Amino acid sequence: MIIDVNAWTGPWPALVNVPCDVASVRSSLSEYGVERIFMAPLAAAWSANPHLCNPVVYEAAEEHDDISPVPVIDPTLSTWPAELEKAAGHRAVRMIKLLPGYGGYDLAGADELFKEVGRLNLAVMVQIRVDDPRRHHPLAMVPDVPAGDVVEAAKRHPNLKLVMGGASAATLREFAAQVRDLPGLYAGTSQVDGVDSVKMLVDAGIGGKLLFGSHAPVFMPAAAMARVLNDLPDDAAVRIMKDNAAGLLRA
C-alpha cells in the first residue's frame, strides 16, 4: 500500500494539456499503486475565499473510498471555524491544508486555528511551495513560506500534528534537526529533488518523519516515486511510502 499525502485536483496556470480533474489524478496515481490519496483543491491557491473550493474534494471522497479530502482553510476569514467544523465532522478528513504564501498571512496569526486543529486531533499541512519559482509568471511571484515559521509553530503547539508540505531538499536539510527532534513535526517529499536527496534526509535521521507526496498533477507521479524507491532500501522506503503516514493520519 502506498499513501500519497500531497495530491491535488483542479486547474493550475502552469499546467498545459495535463488532465487535472479528480478522475485523471486518481487514475495517474492508481497506476503506480497508490491506494490512499490525500487530495486538496488547487484552485484554492488563487481564490479570494479558498473555502469555496473545498466541495470538489468532499465530493471526490463520497465517490471514491481511496480519496481523503484535504480542505484548504484560511485563518484570516471569519468563516474558518465553520469550515474546520465541517472538516472535523467528515468521516474521511484526517488533515487540513494552509496556503499562507497565497493567502498572504503569517503563521503567527493562525495560532487559534492551530489550537482548535490540535483539539480535534487533525493534522495540518502548511504548504511551503506549490510550484517551482522558475515557472511563476513574472507578475505573480509567490515566495516560499519560511520553513522557520513552521518550526516555530510546531514549538508553540507541541501537541499539534504539523506537516511541511512542498519543502525543497535544501530546506529540509537545513531544518533536519528540528524535524527530527520536534515530536509533532513532519515533512513531505513532494519537492525533494536531486540525486540521493531523500537518502540524505534519511541519513540525517528524519526517515521516520518523511511522508510520501506526489504533488500530482503539478508534478509527475513517477518522478516522486523514483526519488524514494530508487535510492533507499526496502524498509526505509516502506516507512516513507506508507508507514509514517499511516501512523500520523490513521490511514
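In this predicted model, Lys242 pairs with Asp243 in a salt bridge whose closest N and O atoms lie 3.7 Å apart. Lys242 has a relative accessibility of 28% and so counts as partly exposed, and Asp243, at 36%, likewise counts as partly exposed. Side chains of opposite charge can pair when their charged atoms come close. The distance given for Lys242 and Asp243 is 3.7 Å, and a salt bridge requires the nitrogen and the carboxyl oxygen to be within 4 Å, so the pair qualifies.

Helix α6 holds another such contact, in which the side chains of Lys155 and Glu152 meet with an N to O distance of 3.4 Å. Because these two residues are 3 residues apart in helix α6, about one helical turn separates them. Lys155 counts as partly exposed, with a relative accessibility of 46%, and Glu152 also counts as partly exposed, at 37%.

A further salt bridge joins the side chains of Arg129 and Asp144, with 2.8 Å from N to O. This pair links distant parts of the chain, since Arg129 and Asp144, 15 residues apart, both sit in the loop between β5 (123-127) and α6 (147-156). The surroundings of the two partners can be read from their accessibility: Arg129 counts as buried because its relative accessibility is 18%, where the cut-off for buried is under 20%, whereas Asp144, at 30%, counts as partly exposed.

These pairs belong to a wider set, for a search of the whole structure finds 12 salt bridges, among them those of Lys242 with Asp243, Lys155 with Glu152, and Arg129 with Asp144.

Technical notes: Residues are numbered from 1 along each chain as its sequence is written. This is a predicted model: local features need pLDDT of at least 70, side-chain atom pairs count only at pLDDT 80 or more; totals for chains, interfaces and linings use all residues. Side-chain values use heavy atoms; hydrogens and water are left out. Helices (H or I, at least four residues) and strands (E, at least two) are DSSP runs, numbered from the N terminus. Buried means under 20% relative accessible area, exposed over 50%, partly exposed in between (1.4 Å probe, protein chains only).
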